[in-house]
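Student: I have a new structure open and I would like to learn how to read it. Could you walk me through it, one feature at a time?

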Amino acid sequence: MSKRKQIAIYGKGGIGKSTTTSNLSAALSDLDYSVMQVGCDPKNDSTNTLRKGKPIPTVMDTVRSGYNNLDNLIFEGYNGVYCVEAGGPEPGVGCAGRGIIAAIELLDNNGIIDSYDPDIVIYDVLGDVVCGGFAMPIRQGIAEQVYTVTSSDYMAIYAVNNLFKGILKYSGSGGALLGGIIGNSIGKVSHKDMINDFSEKTETNVIEYIPRSSTVTLCELDGVTTIEGAPESQQAEVYRQLARNVIANKNAYIPKPFEAQDLSDWAASWVSNMIKEEKIAQEGIQSNGGGV
């Protein structure tokens, strides 16, 4: 890869953002790319499954301790993936967003990322709020593309819509643009249809759908990614396809987010679709003699 690719992946807390990011990093490494994953979440758990479930010291913890050997901020994970956790303030003190700003500036100003020279840098960013430090990869152009992980749950889509507002706000001043939506935990046709419709209405695209799978859960309980723990599984191949899509993707969208009331009205319009699918599924079960 001639030019370093820097991307940011956002998503509501608990939506599977870090799971998706870590599997993406692992899949990219299997495609022979050098990858660095930077966790930008105060929970400091972005890279755990790349390191057999073992947490690593954070940039902010290192700074607070007065330890100045910055080379010890990078830890190797699965297949040589470089793992970094930005960290945040001590619980109950300070702003997590400011901690992310300080950590990213420290990595950048000291040439730490350049010294490792990865082909791809992935920033794993909490997407519940797009303000302060959480918006830094967008507003300062640190990332060239932004991806967002969402399910069909309303609050997850609500968080994505807020992210789109942030991308739109900074799009005229050199901010990162949208690479695409990653649909996660897809278990029904209506889940995919709803995300597709949201994408169309906001003039964006969906780059990949990731089905709900117990394989992911089992691997995470074992402290590893699906790529490492179940490399021959169908789910692992989905993550590999996502990796290939990300590498090939040159799209850069300026989304057109919903206004608050319009988003609420749009969501309400899907209620009948959901009820209809549930009814069809229930009637199908009963017709086969398996109803409860």
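Student: Let's begin with a single residue. Where is the place of Tyr33?

Tutor: Tyr33 sits in the loop that connects H1 and E2. Keep in mind as we go that this is a predicted model.

Student: Is Tyr33 buried, partly exposed or exposed?

Tutor: For this we look at relative accessible area, where under 20% is buried and over 50% is exposed. Tyr33 has a value of 23%, so it counts as partly exposed. You can also ask about distance: Tyr33 and Pro211 are 178 residues apart along the sequence, and their C-alpha atoms are 25 Å apart in space.

Student: Now the strands. In what order do they form the sheet?

Tutor: To read a sheet, go across it from neighbour to neighbour. Here 8 strands make an open sheet with mixed pairing, and the order is E3-E4-E2-E5-E1-E6-E7-E8. The edges are strand E3 (75-76) and strand E8 (206-211), each of which pairs on one side only.

Student: How many bridges pair strand E1 with strand E5, and in which sense?

Tutor: There are 7 bridges between E1 (residues 5-11) and E5 (residues 120-126), and the sense is parallel. To find the register, pick out a facing pair: Ile9 stands opposite Asp124 in E5.

Student: Which helices pack on the sheet?

Tutor: Helix H1 (residues 17-30) is one of them, and it touches E1, strand E2 (35-40), E5, strand E6 (145-150), strand E7 (177-186) and E8. The direction of H1 makes about 175° with that of E5. Helix H10 (residues 234-248) also packs on the sheet, touching E1, E5, E6, E7 and E8, and its direction makes about 170° with that of E8.

Student: Which residues is Thr20 in contact with, leaving aside its neighbours within four places in sequence?

Tutor: Thr20 lies in helix H1. Its contacts are Val149, Ile182, Asn184, Ile210, Tyr239 and Leu242. The relative accessibility of Thr20 is 0%, so this residue counts as buried.

Student: Why is E7 described as largely enclosed by the rest of the structure?

Tutor: Here we count buried residues along the strand. In E7, 9 of the 10 residues are buried, so the rest of the structure largely encloses this strand.

Student: How many bridges join E6 to E7?

Tutor: E6 and E7 run parallel and are joined by 6 bridges. Gln145 stands opposite Leu177 in E7. On the other pairing, E7 and E8 are parallel too, with 5 bridges, and Ile181 has Val206 in E8 as its bridge partner.

Student: What does the chain pass through on its way from E7 to E8?

Tutor: To follow a crossover, trace the chain from one strand, over a helix, to the next strand. From E7 the chain goes through helix H7 (residues 189-201) to E8, a right-handed β-α-β crossover. E6, helix H6 (residues 154-170) and E7 also make a right-handed β-α-β unit.

Student: Last, the empty spaces. How many cavities of 30 Å³ or more does a search of the whole structure find?

Tutor: The search finds 1 cavity of that size, and the volume of the largest cavity is about 30 Å³. It is lined by 10 residues, and the closest to its centre are Gly11, Gly127, Thr148, Ala159 and Val160. E1 and H6 are the elements that give two or more residues to this lining, and H6 has the largest share, with 4 residues.

Definitions and conventions
Residues are numbered from 1 along each chain as its sequence is written. This is a predicted model: local features need pLDDT of at least 70, side-chain atom pairs count only at pLDDT 80 or more; totals for chains, interfaces and linings use all residues. Side-chain values use heavy atoms; hydrogens and water are left out. Two strands pair if DSSP finds at least two bridges between them. Contact means heavy atoms within 4.5 Å. Axes are lines fitted to C-alpha atoms, for helices over the stretch in contact, and angles run from 0 to 180 degrees between N-to-C directions. Buried means under 20% relative accessible area, exposed over 50%, partly exposed in between (1.4 Å probe, protein chains only). A crossover is right-handed if, with the strands pointing away from the viewer, the path from the first strand over the helix to the second runs clockwise. On a 1 Å grid over the protein atoms alone, a cavity is a set of points where a 1.4 Å probe fits but cannot get out, and a pocket is an open set with protein on both sides within 12 Å along at least five of seven lines; lining residues have an atom within 4 Å of a point. Grid points are joined across faces, edges and corners, and a volume is the space filled by probe spheres set on the points.
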